[in-house]
Structure formats: C-alpha cells, structure tokens
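Reader: I would like a close look at one strand in this assembly, taken slowly and with its pairing partners named. Once that is clear, could you go on to how the chains meet one another?

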Amino acid sequence: MTRTRRLAAAVTVVGILAFALPAGASAASTITISGATGSAPLVALLAKKYVKLKPGKVKFKLAQGGGEVGVQDAAAGRVTIGNAARDPRPSDPSGLVFYPIAKDFFCFDTNPANTLPNLSLAQAQAIWTGQVRNWEEVPGSTITGTIDLIGRTAASSLPPLVQQLLLGGKSISPLAALKPSDGLVEQSVASDKNAIGFNSGYYASQKDVHAVAFEGVACNLQNAKSGQYPGVRNYYEVTRGKATGAASAFINWIQHSAAARKIIASIAIPLN
Amino acid sequence: MEPPSAARSSPLGENRRRSSPPGRVFARLREPWTDRQAAWRLGAVASLVLLIIVLMVAFVAVRAWPVLQANGWISWLGTGGNVDHQLGQMIATGQHPPDSAYHLRAWPLIYGTLLTTGASVLIGLAFSLLAAIFIVEFAPARIRAVVVPAVRLLAAVPSVIYGLIGILVLAPWVGSHLISPGRKDSVQNVVQIDGTGVLVAVVVLTVMITPIMIAIVVDALRAIPPAWTEGAAALGANRWEVVWSVSVRAARPAIVAAAVLACARALGEAVGLSMVSGSRGFSPNPVDGITYLFEPIRPLAASMVENVDAINAPPVRASIYAFALLLLLSSLALSIGGYVAKLPMRRQGLRV
Amino acid sequence: MTIVPPTAALRRDAPRPAPRGDATRGWRWSQRLALVACWACGLALCAVTAAIVVYMGVRGVQYLNPELLFSRPTPGLQQHTTGGILDPIVGTIVLTVIGIALAVPLAVAAAVWLVEYGRPAPLARAVESGIEVVAGTPDIVIAIFGLAIFQLPLFAPLSFTASGGGVFGRSFLAAGAMMSLIALPLVFGAAREGLMAIPTHVREASWALGKTRICTIRTILLPQIRTNIATGSALGMGRIVGDTAVVVVLLGATLQLERQGDVPILGNLRGTGSTLTSYVYGASPAGEGNAPQKAYAAAFVLLLIVLTLNAAVDLLGRRKEPRA
C-alpha cells in the first residue's frame, strides 16, 4: 500500500538523519575562512594548492566581508580562520591568536584616463581630507572635474592604515563613497574617470586601474619589497585560541613550506 | 447540525496493533484520528504559527535591547553625527564592549526609509487609482486582456530584477544625462553623487509596489454593487461622475488599505533598494533643489542587509536587530491600520 | 480578515460594459483630462511591463548559453573566469522545495483547523491575525529572526558548529524553514478561501452519513480544495523563488553548494549555497562578484521561472473557475 511505503520512506529519512547528524558533527576537515578582501586572492591561491597537496583530507570555505569582520567572526567562533589585514590591537577580542603569513602593499589608484604620475604627501592629504575637490587643482592630473573619492566601509582594515601610512595621520573625508570590498573599489575606479581610490596590491596592479606613485616612489611589488614604498601592511590568519587540527596544519604550511612561499611571492611579499 | 462524535478507532486499526513491533508503530500512525485528536493536533499546528510570531517579536526585541538601553528608547532614532561612521566604529569593539560602543543615531536611515516609502506610495497611489479605474471601467476588452496579465506579471517580478535594471540601466543613465558636472560641483563639498540615489530608488520602488495597489483597488472597484452605479447613472451622472463620485468614493477605505499594504511592502524592501539607493547614511537636503533627487540615501532594511556580514560584533548585531524591531513594529502598526481602514467597507457588506 | 493573494482579484475577470463610441459627449474638460490620464496609466503599465520583459529577454538571450547553465560558478574577479550558474539554479530549486514542503502542511492544517474547528474562538482569531502579521512582515526581518533562532546551540544539527564553537546558523534547512514562513500566508489564504467556498450542506450530508468531522475533511473537503492549495503553493513558490534577503542572510550566499560532513544529501541541506536571486545580487555592481552579463543571464532564468509559476497560477485559476 502506498501509505505504508510512504511511512517506510519517512522512517528511512529519519534513520539517515539519525546517522548523519553525529557523522556531520565530527567531520572536522572543513576549514572556514572569512575576512579581509585584500588577502582573499592570496588565501584562495594558497588554499587551492593545499587542497591539491592533500587530496580528500581538507576542504575550504572562503568568504570575504572585510578584515574587521574576519576578526569578529573568528572571535565569535563562526569561522575556523579569520583573515586579518592589520596588526593586532589592544581592543581586539581577547583570546585571539594572530599568525602572520605575508606582507602586502597598497596604492592610491585612479582611472586609466587620469595618468596622474605622482602624489606627494601634501597632495594626498588635500585630496583625501576633501580640501581639494577638483582635479584641475591637482598637478599632473590629465582630467578635469570633481574628484570622486572611493573609500572602504568600516568593515575594512585598510582606511586606518592609509590614514596612518599615506596621509600622515589625517582622516579620510566623510565624503568618500564606501565600498565593501577591494574588488568593488577597483571596479568603481575603473568605471568612473574622476575617481580615486585605494587598494591592496593585487587589485591596484590590475590593468583597468592606474596605480599612482607616492612621494616619487612607484607603487609596485619591487618597491614595496625593498622597503622604499611606505604603504605596506601585514596579513594574518586569526584563530580563537591556538590553532588546532587542520587549521593549525594549514597555517603551519603557509608559514614554513617552500611551495607556499612561492605562491606568496607571486602576488605579495613573503615574510623575512 | 453536528457530526457524530464517534471516537472509536476502526476495527482495522485494532487488528494491526497486534502485529510485530515496527508494524505496530505503523499501525498506530495509520489509525484514523478521532475528532478530538484532530481538533487538538490541528489546533496545535495552528498555534505553532502564533508561537513563531511571538518568538519573533521576543527574539528581535531581546537582541535589540542593548542599543535601546545604551542610547535611550527614543533618542537613538534621532539625529547626531554620521551614522555610517557610528556603525563602522561598532565593528572593532571586541566581544564585551562597553555601553559607549553602542552609540547610534539612526535618523538618516529612518529618513531614507520614510522618504522612499512616502514618495513611492504617493506616486504609486495616484497611478494605481487611475490605472484601476481604467481597468475596471474604461479599458476595451482587448486592452484589458493585455493590461491585467501585465499587472500580475509586474507584481511577480522579483525585486532583485528591478534592482538590477535600476543599477545597470537607470542609474548610469541618470548619472550621465541628468547629472551635469556643474551639478556635481555644486554639492562637491557635501556629498558625492553618481546616479544612484533618491530618484532612482523612488522610481524602482514605485514600480515594485504599484501592481499590488492596483490589484487591491481593482478588487474594491469590482466589489461595488452595480445597483449603486446604475442608480447614479439613472440620475443623470455621466460615466466619469459615476466612477469618481460613487465607485471611487465607496472604495475609499480600500484605497487607503492598498496604500497601507504598499507602505508595508516598501518599508521592508531591502535588496532592491540596497542596489539603487546610493547606500550612504546621508540625509538629503531639500534646499539643494533638483540636486536633492540625486543625493544618496540608505533605508533601514538596506542597512540591515549591508551590515549583516559584521553581525558577530555585538554592537552591530544589536543595531541590526534594533532596525528590525523598528520595521517589525511599523509593519504591525500598518497591518492594524489596514484592517481598520477596511472596516467601513465591510460594514456596508462589501467583501474586500 | 482574509488573506487573498493581492493579484487574485485580477483573475476574476468580470468585464463591465465598455463605453461605446461618442461616450464622452457633454463631459467637462477636467473629466476628459482624467479619462486621458486613465488611458495613459493603463498604457504606461503595458509599456513598462513590455520594456522590462523585452529588455531582460534580449539581455538574457544575448548572454545565456548552455555552457553557462550547466557549469558551476567559481569566485573570480574577471567576468570570464567566474563560471556558470548551475549551483544557483539547483539552489533555487532545492530551497523552493524545502520551503513549500514545510509551508503547505502547516498552512493547510492551520486553515482546516480554523475553518472546520476554530475553537476556542479567541485562539482562532489570534492565529488568523498572526498569519496576517507574518504576511506583512518584511522578509529581511524574518531572515534576521531566523539567524537569531538557528544560531542557538539547540539548532546546531541544522547547520554546523564551526571549529571555534559557534553555531553557524546558515544552511538550506535554516533558510528553507524561514522561506516557509514567507510562503505560508499565501497557501493559508488560498486553502481558507477554498474551504469557505464549500457550501455547508456538503459537510452536513457527509456528517449525516455518519462520518466524523476529520473524516469529512479528509475525504470530502481536502480533495475539493486541491486546486486552491495548488494555486496558493504556486504563488508561494513564486515568492520564495524571488526572495533575496533570506538567501543573503540565512543561506550563507556561498557561490557553490557547500556540503557539510560526508552524507550526500543531508550534508548538502545542512550546508550553504546560493540561489539565482543572491547570484544576481552578488554579480551586480552592488555585490562582490561584479559580472553584469552573468547577472543578466541569471536574472533572465529567474524571470522565466517566475513567469512559469505565474502561468501555472493562471491555468489553475482557470480550471477552478467553471467548477465554482
């Protein structure tokens, strides 16, 4: 009878549920990561390689959201690893462990239509505090019109670093549009010829934006490596308490293996 | 008449009960319900829905509590400072932040909500009233056969599609055709404008909610007894006078109810508006004249979607739930408002 | 109070006699102007609809290809590296099935209880207004409420416990449960309408034959309102398919369907994923992905699904009409 069959099916489903729940709870091979959009491409490359090296042992779930989100998610236990893109602060939730994995640089970037050769500290301050609002007043600019400032939302760790390292401690004007990720800043700058934004190295090196030199030093990997370019920050993997199990193995691999170092060197700066 | 209250289980059930243990369980389940059991069980299911709603209000209120407590019940709705900055400060405050971390003045977001909702409901109301009159009274059958499915289709299109059209078609067009460099310069020290903003948000939201209003108004106009309109016509009123002073007047409560329901929908629209509103916690200033229409805003619901990534930071979480509480209470009030608005029509025996 | 799907009225298409020929003779100018405005609004409606459908159709045909439909999405920064939309399509279907499978029994049970038993009366009234409140609650509020619920340790089996100890609270099961709340009022309204439309003498005849109330419901009433339930479900499915907020908040909105644990189907249900709506949002300039062409393609598929459901509602409604 169909009803009996239906009931049997229901019982089977319940049975599967009963079996599956404990099994699912014990499967610890998935590493969930959220956080910094700047280091996301790097971590994605590393994770891809790591999965290849240990087939079937480990899986990754990558989300972005911004560096501050990564720190909060790790603290709340929502993810295994948070991607942080700044140094630890005293105000951070207690019990977090920051594992440094790489260094990266960040640049001011403009639309390719505006091949601004250089920004001095004073010019950068004037632009980003909103004192200068027209490209006509910026020497070297190849366009005219209002300056569109493209900033980041507070979920990002980048604005404080830009203020500290490239703007001499001056605050970014509240006029700036707030974008939730590095990718969106890149895209906004690429589509608006009046725009200026700031981006981590990977995004600022894309062809659809123009990375602007700062104080006469071109913003690129070499200058950042050599220490000439000042806009450099650390990337961390953050865990709640000491990393354990698969996460610990992954972080250890990033920090010590030659393969990981090669990947890091391709788009960012390896430690030491 | 009442049904027989036979509470006996069928003999079939009795037989099955004596079979093997798993069979017994099956038989138990298969046994027909008695009426009392049925009333009880179905009632429990129905009450479950009620329970969920009570839980919803309770959960949202409890989670919102820290913000209400730290800012005062009312004052967090007020003005003061830059709300984007305040929400930003909340992210990096640790898992046990002090009361000061909850500082929030959400007025720009509320203003954005009121502005988009109000404007789109007003425009939509005028439009839907005329369109409904057209559908019910004036449309030739052939055109009606096109308009009616069109309205239904518009009502069914997901908001994210409207948002997509808004951000990929309308906003760039507004940005390049309606916003001149001069206009941009005129507010360059206050806000940056790029196409997304009040105008596009209101247009998109109006298109979203108008079909709902049309449907309700059409329903009400159809419910008007023909005797009333025929009576008016017999007294020498022309067709428009009949429509306007009899049908529309009698359907006034339903029109109000339509506006109320549309308000509820517009208040809660999150993703569509997040795409086209410009996404700044900014209060456009009417003094700016036409430029006002291009200035960015961000309604409450859109703010919730955009900040949900950072929900593990306790102050952000409390703020998001505070926004949710505000929306929940408003939609509750609107539900009641809609019900009350329809009472007069119901009293006259019209089913709407 | 009645919860009739807002568009239900349009289906009852009882045409009034249209004005003939010189009908506006003797009208005042303001009245003629108003008439013109009515026509303008009606035609504008058609124009807007046509514009949206044609535009989405053109873009969809332009950017949609079989490869896109059947390949999985991958995160990427350039449009050509972001893969297809297979996972969002599957996600949409799975989520809709879960949502409607939960909503229909709940809604039908509630409607049956309300119409056929409905005692104690105050409770019945409360349930009725409660469902009306759910109907008016913004989806984002329902989503955020779901997050609060499913992050409780009690519900850890529905999603998963991250290695840090927190409950993730986002999964197909969680999102489906909240989606059922969104579809529930529509199914409830349709089922209730259907039950109330059945004349009392049908029930009385059944009772007179010695059948109990519940037996009458099962064998006489429910088969009668099958079409109503189907219509309500189709409307509810349309709502679920088109909802974005719940997906963004409660489904995790990961591009691919991510399985939790090793059990094939259940693991997927406990895992995260995306739907067409969240894909469109993500691939639009407002989201992370920024691949407008793929957003168009996905939106086109979404629109097709919605149109199909719309047509289904239409057909069901038409089939019901002559019988009633």
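Author: Two strands are said to pair if DSSP finds at least two bridges between them. With that in hand, and bearing in mind that this is a predicted model, we can turn to strand E10 of chain A, which covers residues 232-240. One of its partners is strand E3 of chain A, residues 81-84, which is joined to E10(A) by 3 bridges and runs antiparallel to it. Within E10(A), A:Glu237 is the residue that serves as bridge partner to A:Asn83. Strand E4 of chain A, residues 96-110, also pairs with E10(A) in the antiparallel sense, here over 9 bridges, and A:Ala102 has A:Tyr235 of E10(A) as its bridge partner. As for the surroundings of the strand, 7 of the 9 residues of E10(A) are buried, so this strand is largely enclosed by the rest of the structure. A residue counts as buried here if 20 or more other C-beta atoms lie within 10 Å of its own.

From the strand we can move outward to where chain A meets chain B, a contact that brings 28 residues of chain A together with 25 residues of chain B. On the side of chain A, helix H1 (2-26), helix H3 (67-75), strand E6 (148-152) and strand E7 (177-179) each contribute at least two residues, and the largest share, 5 residues, belongs to H3(A). Sorted by class, this side of chain A holds 12 nonpolar, 9 polar and 7 charged residues.

Chain B itself has 15 helices and 0 strands. Its radius of gyration is 27 Å, well over the 20 Å that the globule rule gives for 352 residues, so chain B is more spread out than a compact globule. Along the principal axes, the C-alpha atoms of chain B fill a box of roughly 85 × 75 × 35 Å. Of its 352 residues, 55% count as buried, and among its contacts between residues at least 6 apart in sequence, 79% join residues at least 24 apart.

Chain C has 14 helices and 0 strands, and 57% of its 324 residues are buried. In chain C, 71% of the contacts with a separation of 6 or more are between residues 24 or more positions apart.

Chains B and C meet through 86 residues from chain B and 82 residues from chain C. Helix H3 of chain B, residues 35-71, gives the most to the side of chain B that touches chain C, with 16 residues, and this side is made up of 70 nonpolar, 8 polar and 8 charged residues.

A crossing of two helices shows the meeting of chains B and C in detail. The axes of helix H5 of chain B (residues 107-138) and helix H2 of chain C (residues 29-63) come within 8 Å and cross at roughly 95 degrees, which makes H5(B) roughly perpendicular to H2(C). The residues in this contact include B:Phe127, B:Leu130, B:Phe134 and B:Phe138 of H5(B), along with C:Leu35, C:Trp39, C:Gly42 and C:Leu45 of H2(C). By class, the contact of H5(B) with H2(C) has 13 nonpolar residues, 1 polar residue and no charged residues.

Conventions
Residues are numbered from 1 along each chain as its sequence is written. Chains are lettered from A and ligands numbered from 1 in the order in which they are written. This is a predicted model: local features need pLDDT of at least 70, side-chain atom pairs count only at pLDDT 80 or more; totals for chains, interfaces and linings use all residues. Two residues are in contact if their C-beta atoms, placed from the backbone, lie within 7 Å. Helices (H or I, at least four residues) and strands (E, at least two) are DSSP runs, numbered from the N terminus. Ala, Val, Leu, Ile, Met, Phe, Trp, Tyr, Cys and Pro count as nonpolar, Asp, Glu, Lys and Arg as charged, and the others, Gly among them, as polar. The radius of gyration is taken over C-alpha atoms; the globule rule is 2.2 Å times the number of residues to the power 0.38. A residue is buried if 20 or more other C-beta atoms lie within 10 Å of its own, exposed if 12 or fewer, and partly exposed in between; C-beta atoms are placed from the backbone. Axes are lines fitted to C-alpha atoms, for helices over the stretch in contact, and angles run from 0 to 180 degrees between N-to-C directions. Angles under 35 degrees count as roughly parallel, over 145 as roughly antiparallel, 65 to 115 as roughly perpendicular and the rest as oblique.
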